[in-house]
Amino acid sequence: MQDAVFIAAPPGTAWPLSREDAERHLLARYPDLQSWYKHAPVSDTDYLDFEVELDGTARHGSYFERSHLIRRDGGPAFRADTVAWFRQLLPAGTPVVVMTESNPDVVLTLLLDASPQEIGELLQALLGVE
């Protein structure tokens, strides 16, 4: 099982992207996207759950309104591409941090001008893969 990667707004901040906005952007990028609106009762939070098939493999994720994007599968390069794309949806200068589900105490700040390659290297280190 792969470790989920969280791409999040730092504590005390919020992103100006609703789950409907996120769904619209995801559908534009992945026309075959399947998505569902859900509610997390423990945190009383609305979110978008989604799945897309890429190269014969299902890829899963969730977007929690104005808060964070979760990518549950795919290698660091695939996730780096997603992070770089997603960051472009946010206003310039919007802070972004990344962490894994298995070790949420290690929170890394994504540099504002990080390239997809640099993001991939950061995710490799975070996930402990080569």
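Q: Before we start, what makes two strands count as a pair here?
A: Two strands pair if DSSP finds at least two bridges between them. Keep in mind that this is a predicted model.

Q: Okay! So what is the strand order in the open sheet?
A: The open sheet has seven strands, and their order is β2-β3-β4-β5-β1-β6-β7. The pairing is antiparallel.

Q: Which strands sit at the edges?
A: Those are β2, residues 34–40, and β7, residues 108–109. Each of these two pairs on one side only.

Q: And what holds strands together in a sheet, generally?
A: Strands of a sheet pair through backbone hydrogen bonds, and the pairing can be parallel or antiparallel.

Q: Let's zoom in on β1 and β5. How many bridges do they share?
A: Four bridges link β1 (residues 5–8) with β5 (residues 68–71), in the antiparallel sense. You can trace two of the partners yourself: V5 is matched with R71 in β5, and I7 is matched with L69 in β5.

Q: What about β4 and β5, how many bridges there?
A: Four bridges, with the strands antiparallel. One partnership to look for is F64 with H68 of β5. The two strands form a hairpin with three residues between them.

Q: Which residue in that turn has a positive phi?
A: That's R66, with a positive phi of about 60°. R66 is a residue other than glycine, and its place is the loop between β4 and β5.

Q: Is R66 buried, partly exposed or exposed?
A: R66 has 35% relative accessibility, so it counts as partly exposed.

Q: Back to β5 for a second. Are its residues H68, I70, L69 and R71 buried or exposed?
A: They are all buried. H68 and I70 are on one side of β5, L69 and R71 are on the other, and both faces of the strand are covered.

Q: Now β2 and β3. How many bridges join them?
A: Seven bridges join β2 to β3, and the two run antiparallel. As an example, Q34 has E51 in β3 as its bridge partner. These strands also make a hairpin, with four residues between them. In that hairpin D44 takes a positive phi near 50°.

Q: What's the phi of D55 like?
A: D55 has a positive phi of about 55°, although it is not a glycine. You'll find D55 in the loop between β3 and β4.

Q: And is D55 buried or exposed?
A: D55 is exposed, with a relative accessible area of 84%.

Q: Time for helices! Which strands does α1 lie across?
A: Helix α1, residues 19–29, lies across β2, β3 (45–54) and β4 (57–64). The helix runs at about 10° to β3.

Q: And which strands does α2 lie across?
A: Helix α2, residues 76–87, lies across β1, β3, β4 and β5. Its angle to β5 is about 160°.

Q: How do α2 and α3 cross?
A: The axes of α2 and α3 (residues 116–127) come within 8 Å and cross at roughly 125°. The two helices are therefore oblique to each other, and their crossing is right-handed.

Q: Which residues meet there?
A: From α2 you have P76, R79, A80, V83, A84 and R87, and they meet P116, I119, G120, L123, Q124 and L127 in α3. The residues of this contact divide into eight nonpolar, two polar and two charged.

Q: What about D81, where is it found?
A: D81 is found in helix α2. At 38% relative accessibility, D81 counts as partly exposed. The C-alpha atoms of D81 and D32 are separated by 18 Å, and the two residues are 49 residues apart along the chain.

Q: Last one: where is P16, and what does it touch?
A: P16 is found in the loop between β1 and α1. Leaving out residues up to four places away in sequence, P16 touches D21, R66 and P91. You met R66 earlier, in the turn of the β4 and β5 hairpin.

Q: And how far apart in space are P16 and M99?
A: They are 20 Å apart, C-alpha to C-alpha, with a separation of 83 residues in sequence.

Notes:
Residues are numbered from 1 along each chain as its sequence is written. This is a predicted model: local features need pLDDT of at least 70, side-chain atom pairs count only at pLDDT 80 or more; totals for chains, interfaces and linings use all residues. Side-chain values use heavy atoms; hydrogens and water are left out. Contact means heavy atoms within 4.5 Å. Axes are lines fitted to C-alpha atoms, for helices over the stretch in contact, and angles run from 0 to 180 degrees between N-to-C directions. Angles under 35 degrees count as roughly parallel, over 145 as roughly antiparallel, 65 to 115 as roughly perpendicular and the rest as oblique. A crossing is left-handed if the near helix is turned anticlockwise from the far one by less than a right angle, and right-handed if clockwise. Ala, Val, Leu, Ile, Met, Phe, Trp, Tyr, Cys and Pro count as nonpolar, Asp, Glu, Lys and Arg as charged, and the others, Gly among them, as polar. Buried means under 20% relative accessible area, exposed over 50%, partly exposed in between (1.4 Å probe, protein chains only).
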